[in-house]
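Got the viewer ready? Let's take a walk through the empty spaces of this model and the strands around them.

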Amino acid sequence: MKTIDLDSWPRKSHFHLFRNHGVPHFTVTAEVDITDMLDCIKAQGTSVFSATMFCLMRAVNAVPELRMRFHGDSVVEHAVTHPGVTVPIEGERFNFCYIEYSENWKIFEASATAAIEQASSQPDLVNKDGEHDNLTYMTCLPWMTASSIQFPVLGPDDCVPRVGWSRFATREGRTMQPVHVMAHHALVDGLHVGRFFQNLEALLKDIPDTFSL
């Protein structure tokens, strides 16, 4: 983790402007082509949920601005962020699941499988979000193909990015999935979210490299 020098930071004026906004968050939704990823994961017999999360987290961590957080009046950049994702539990409810991120698919898959199994077995919601801020919050809406998502936030200083994905649809032989990204405008611009989507599209086009086949 490193501290950003605000005085020499090119976005200093943008930071101060949007830090004082009452509603400083913005959300972008775009479709990505997951056809090749689905073919790969189905052939492996592994979790589509974990594979999607892996691609999203690789794309997030490739953008420095999505790893930045407020520490009081300072800004820090984490070297890496880890997914904090919602998983279903009994009673049509959900729990938070915290997973150790790795750029290696096999390591991440094993970590995700164990963490999801443990979190899914809890009888109630366990919230550890306040214990650390090197997370990226994630959620999946498999029941609908959403054109947008409004994520809940704690307040105007909640700067942890949210990434969601909803039910995919097949058109003209290709499978398209909506991906939703929310960020704090004091730290992140549309340009940076655009880079996230560019990174994600590149990962989904180079499946053998992404999943180390």
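One term before we start: a residue is called buried when its relative accessible area is under 20%. Keep in mind, too, that this is a predicted model.

**Stop 1: the strand β7.** Select residues 135–141, which make up β7. How many of its residues are buried? Seven of seven, so by that cut-off β7 is mostly covered. Now show the side chains: L135, Y137, T139 and L141 point one way, while T136, M138 and C140 point the other way, and all are buried.

**Stop 2: the partners of β7.** Add β5, residues 82–89. β5 and β7 pair in the parallel sense, over four bridges. To see one of the matches, pick V85 and look for its bridge partner in β7, M138. Next, bring in β8, residues 162–166. Five bridges join β8 to β7, and these two strands also run parallel. Here, L141 stands opposite S166.

**Stop 3: the largest pocket.** Select T86, F96, Y137, P152 and R162, the lining residues nearest the centre of the largest pocket. The full lining counts 21 residues, and the volume is about 450 Å³. Which strand supplies the largest share of this lining? That's β7, with four residues. β5 and β6 (93–98) each supply at least two as well. Colour the lining by type and you get 13 nonpolar, five polar and three charged residues.

**Stop 4: the second largest pocket.** About 360 Å³ of space lies in this one. Select T86, V87, P88, C140 and W143, which are the closest to its centre among 13 lining residues. T86 should look familiar, as it is also among the residues nearest the centre of the largest pocket. Show α4 (105–120) now: α4, β5, β6 and β7 each supply at least two residues of the lining. The split by type is nine nonpolar, three polar and one charged.

**Stop 5: the cavity.** A search of the whole structure turns up one cavity of 30 Å³ or more. The volume of the largest cavity is about 50 Å³. To find it, select V32, I34, M37, T52, C55, L56, Q177, V179, L200 and L204, which line it. What does the lining lack: nonpolar, polar or charged residues? There are no charged ones, just eight nonpolar and two polar. For the backbone around it, show α3 (48–61), β10 (174–184) and α5 (190–205), each supplying at least two lining residues. α3 gives the most, with three.

Definitions and conventions: Residues numbered from 1 in each chain as written. Predicted model: local features only at pLDDT ≥ 70, side-chain atom pairs only at ≥ 80, totals over all residues. Heavy atoms only, no water. 1 Å grid on protein atoms, 1.4 Å probe; cavity = no way out; pocket = protein on both sides within 12 Å on 5 of 7 lines; lining within 4 Å. Points joined across faces, edges and corners; volume = space filled by probe spheres on them. Nonpolar A, V, L, I, M, F, W, Y, C, P; charged D, E, K, R; others polar. Buried < 20%, exposed > 50% of the residue type's maximum accessible area, 1.4 Å probe, protein only. Pairing = 2+ DSSP bridges.
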